Amino acid sequence: MIPALALAATLLVAPVATPAAPALTWRDCATPQTAQRLQCAELDVPGATLRLARLPALDPARRIGSLLVNPGGPGGSGADVVGYGGLRLATPEFAELNQRFDIIGFDPRGVGGSTPAVTCGPVHDPAVSRFPVDDAGYARLAAHNRDVGLGCRGPRDVDTATVAEDVERIRLAIGEERISWLGASYGTEIGALYAARHPQHVRAMVLDGAVDHALPMRRAVLDAAAATEDALLRFARWCAGTCGDDVLARYDALMTTGAPSAQLGRHATPEELAAGVYSHLYFPQLWPRLADALRAAPADASALTSAMPFGSAEYPAYRAVGCQDFPSPFTGPADLRRTADRVREAAPHSWRYSEFWDFASGCLGWPVPAANPPHAEPVRGAPPILVVGGEHDPATPLTWARSLAARIERSVLLTYAEDGHTGVYNSACARSHEAAYLISGTPGTTPQTRSLPCQKG
């Protein structure tokens, strides 16, 4: 494990050709809680050992090949997704994928069971606001983030460009000429970068909940804030008609006062409560629970604070990887405050938490230069790729799917109307299209059409 500052000299090294990888040795690793055909393996890559999990195709005679999956993050465990049925792999829409593919998930370097894992000291300090109102608060935030970065330990080169080369090492290790890919959220960034650099080794690729790494950080910050606001307002309208409650008024009151939290053992800040609400917006099936949590919050906001991203086991990797890909754009206190004013305009209720403000403010003062900052990397020479975006996704706005699809040659854009983050988690229609495309290798429309709709229902 390498101290954060010691990484700086290695992060700016130009990428080199990916060497051949050794073949994987798969072993049975099923438990009573996992799929019974689960197999596991490890793969050594420069600076790390990756954990992999595989579900062999149920119909070997009709096997198409290997389907690599990534659930997002940064910090999400692909191995756990495969082992425990995440990414809706057990749904009827994806049943044929289990028949026809070896489904492989991996923990990216620094994540989950890959070693060494990213570890940091306390990343979140409730006394340090991500919206500093003066120069002293800005200095406190920058100093806190610098100290967090200096305290992080983990593998070298955790940026997404390096992870994309690890995907190529996995392809070589499994002995496939071409791979298929199903990536959600941050998994779309890995997939798009892999396709840009290794288009000849892509058979089919779904990028669901698209992150467009070409967008400047300020644009991404405002887009994400507006998407979160839209999701909060849609939740409030749903609750007005379903649970007969003005949850937006409850939310706004909490943002003024904060609330006690037995789970934290102290008073929760408005920024913390906003983050806990945000996590519930990902899945409409959680909206009834969110309504209950908002009613209970004035007495005890534990249901909200227990959902804060800051407290998750994945958050150190989220921050360490995120600061390599999404560096803070702020040039000083006045610049941050101007951008914060624009965020408040875009999200007058939910402005206290959105993911790209988390990156922009959380990477301020980070001690390691970003190895993979936002930039355009067109995809040419790959088969048609299916890009998926939701009209009301709280984390990855539909505009990002459109802009990403525009720089992927021969791509097709699939849109869905359901609420929630990614179609794979929230739209049976999107899953049906994705499965059909992954099996056939063709996205079901002509290059001239370039789009497919899913209707709600």
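A disulfide is a pair of cysteine sulfur atoms within 2.5 Å. The model is predicted: local features need pLDDT of at least 70, side-chain atom pairs count only at pLDDT 80 or more, and totals for chains, interfaces and linings use all residues. Residues are numbered from 1 along each chain as its sequence is written, and side-chain values use heavy atoms, with hydrogens and water left out.

**Exercise 1.** State how many disulfides a search of the whole structure finds, and give their pattern.

Solution. The search finds five disulfides. With bonded cysteines counted along the chain, the pattern is 1-2, 3-4, 5-6, 7-8, 9-10.

**Exercise 2.** Describe the disulfide of cysteine 29 and cysteine 40.

Solution.
- The S to S distance is 2.0 Å.
- The torsion about the S-S bond is about 75 degrees, so the disulfide is right-handed.
- Cysteine 29 sits in the loop between strand 2 (27-28) and strand 3 (39-45), and cysteine 40 in strand 3, so the pair ties together parts 11 residues apart in sequence. Strands (E, at least two residues) and helices (H or I, at least four) are DSSP runs, numbered from the N terminus.
- Cysteine 29 has 18% relative accessibility and counts as buried; cysteine 40, at 13%, counts as buried. Buried means under 20% relative accessible area, exposed over 50%, partly exposed in between (1.4 Å probe, protein chains only).

**Exercise 3.** Describe the disulfide of cysteine 323 and cysteine 363.

Solution.
- The sulfur atoms are 2.0 Å apart.
- The S-S torsion is -95 degrees, and the link is left-handed.
- The pair links distant parts of the chain, 40 residues apart: cysteine 323 is in helix 12, and cysteine 363 in the loop between helix 14 (355-362) and strand 12 (386-392).
- Cysteine 323 is buried at 2% relative accessible area, and cysteine 363 is buried at 6%.

**Exercise 4.** Classify cysteine 239 and cysteine 243, which form a disulfide, as buried, partly exposed or exposed.

Solution. The sulfur atoms of the pair are 1.8 Å apart. Cysteine 239 has a relative accessible area of 0% and is buried. Cysteine 243, at 27%, counts as partly exposed.

**Exercise 5.** Place alanine 275 in the fold and list its contacts.

Solution.
- Alanine 275 belongs to helix 9 (residues 270-281).
- Its relative accessibility is 0%, so alanine 275 counts as buried.
- Leaving out residues up to four places away in sequence, alanine 275 touches Ala307, Pro309, Phe310 and Tyr353. Contact means heavy atoms within 4.5 Å.
- The C-alpha atoms of alanine 275 and arginine 352 are 7.7 Å apart, with the two positions 77 residues apart along the chain.
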